[in-house]
Amino acid sequence: MEKHNHKHEHSHSHSHGDLKGRNLGIAILLNVGITLAQVVGGFISGSLALMSDAMHNFSDVLALIISWFASKLSKKDQTPSQTYGYKRAEILAALINAVSLIVIAFFLLKEAISRFSDPVDVQTGWIMILGGLSIVLNGLSVLLVQKDAQDNMNMRSAYLHLLSDMISSIAVVLGGLAMYLWDVAWVDSVLSIGIALYLVYSSWDLVKESVRILMQFAPSKVDLEEINKELQNIPEVNNMHHVHVWQLDDKQINFEAHISFKEDIRLSKVNEILHQVEHILNDKFDINHVTLQPEINGFCGDESMVNQDSK
């Protein structure tokens, strides 16, 4: 017996999806402009911090394109060969985007450390002007995707790219001001290291979360022990085994299990109890896709078993 609860899956209207796509498109164009301006300015000024900010902006462009494509792909209908459709496209995009930030961070660390032994004079005027432009345009991009980032991991990864780049641009401008006032070239390298460490810190949780979903680990918010306690209150149920809990994407949590009854009871009563279990999983544990297999005196002593004690 199977029950589908779509209360989370369809919480966004089609107009909201179109708005999300349009906002992503605008953010992509803004970041293309920022990247081109900062690359030119970085070469002219000799600033590694400005070039690192440009690289970060370029990663934003790639991240936003990946996020846009994944968002479109995830809406495709299921087929006989893709029975889940492409719902995990956005999770994969989030992982790619988060890992790309970490890779860029290590590249920046390497370059910044090498500059301590071979400092380069930089033109601070370009740094402050182009850093300021990046702050403004990235700030607009952040506002465009902020709302969608609240309940979508893919959009959160894009939002993280944009937010971290706005923060790094603020650091670049402050560093340019410090170099202008006190003529301290090493500040450029220090800022690059700080930006790189921030990228690693801000991306790591997203990497862990997306890997958990792709590996089909049980969601951290689902407590099987608590589920077990709830089911012990149903007198007809002997045990629940072959339990598997996983997330399809960042909205849908799937639960499947064998429910073993103590005795042979009418099908109508079985149906009533299974609905009771489904309501417990839906309402108390926010599990919105439940598949249950009823049986009599079933038992399995593997690691997936939740409750095997007779009552």
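This passage describes the fold, the nonpolar cores, one pocket and several individual residues of a predicted protein model. Because the model is predicted, local features need pLDDT of at least 70 and side-chain atom pairs count only at pLDDT 80 or more, whereas totals for chains, interfaces and linings use all residues. Residues are numbered from 1 along each chain as its sequence is written, and side-chain values use heavy atoms, with hydrogens and water left out.

The protein chain contains eight helices and four strands; helices (H or I, at least four residues) and strands (E, at least two) are DSSP runs, numbered from the N terminus. Read from the N terminus, the order of the elements is β-α-α-α-α-α-α-α-β-β-α-β. The chain has 311 residues, of which 48% count as buried. Here buried means under 20% relative accessible area, exposed means over 50%, and partly exposed lies in between (1.4 Å probe, protein chains only). Among contacts in the chain with a separation of 6 or more, 78% are made by residues 24 or more positions apart, a contact being defined by heavy atoms within 4.5 Å.

The largest nonpolar core holds 29 residues. A nonpolar core is a set of buried Ala, Val, Leu, Ile, Met, Phe, Trp, Tyr and Cys residues joined through side-chain atoms within 4.5 Å. Within the largest core, Leu 108, Met 153 and Leu 199 touch the most other members. Two or more residues of this core come from each of helix H2 (48-74), helix H3 (89-117), helix H4 (124-145), H5 and H6. H3 provides the largest share, 11 residues. A second, separate core comprises 23 residues, including Val 243, Ile 280, Ile 287 and Leu 292.

Contacts of single residues add detail to this picture. When residues up to four places away in sequence are not counted, Met 153 touches Ile 91, Ala 94, Leu 206, Glu 209, Ser 210, Ile 213 and Asp 250. Leu 64 is placed in helix H2 and is buried, with a relative accessibility of 0%. With the four-place exclusion applied again, Leu 64 touches Leu 24, Ala 27, Ile 28, Asn 31, Ala 158 and Leu 162. The C-alpha atoms of Leu 64 and Tyr 159 are 8.8 Å apart, although 95 residues separate the two in sequence.

The second largest pocket encloses about 340 Å³ of space. On a 1 Å grid over the protein atoms alone, a pocket is an open set of points where a 1.4 Å probe fits, with protein on both sides within 12 Å along at least five of seven lines, and lining residues have an atom within 4 Å of a point. Grid points are joined across faces, edges and corners, and the volume is the space filled by probe spheres set on the points. The lining has 20 residues, and those closest to the pocket centre are Glu 209, Lys 221, Gln 247, Asp 250 and Ile 253. Helix H5 (153-182) and helix H6 (186-214) are the elements that give two or more residues to this lining, with the largest share, three residues, coming from H6. By type, the lining consists of six nonpolar, six polar and eight charged residues; Ala, Val, Leu, Ile, Met, Phe, Trp, Tyr, Cys and Pro count as nonpolar, Asp, Glu, Lys and Arg as charged, and the others, Gly among them, as polar. Domain 1 (18-215) and domain 2 (224-296) each contribute at least three residues to the lining, the domain bounds being taken from an automatic or database domain assignment.

The loop between H6 and helix H7 (224-231) includes Gln 216. Val 222 is found in the loop between H6 and H7 as well. Val 222 is buried, at 9% relative accessibility, and touches Ile 227, Val 245, Ile 253 and Ile 287, residues up to four places away in sequence not being counted. Val 222 and Ile 287 lie 65 residues apart along the chain, with their C-alpha atoms separated by 8.4 Å.

Most residues other than glycine have a negative phi. Gln 216, which is not a glycine, has a positive phi of about 60 degrees and is partly exposed, with a relative accessible area of 44%. His 242, in strand S2 (residues 237-247), has a positive phi near 50 degrees and is partly exposed at 28% relative accessibility. Another histidine, His 289, belongs to strand S4 (residues 289-296) and is buried, with a relative accessible area of 12%. His 289 and Gln 252 are 37 residues apart in sequence, and their C-alpha atoms are 7.0 Å apart in space.
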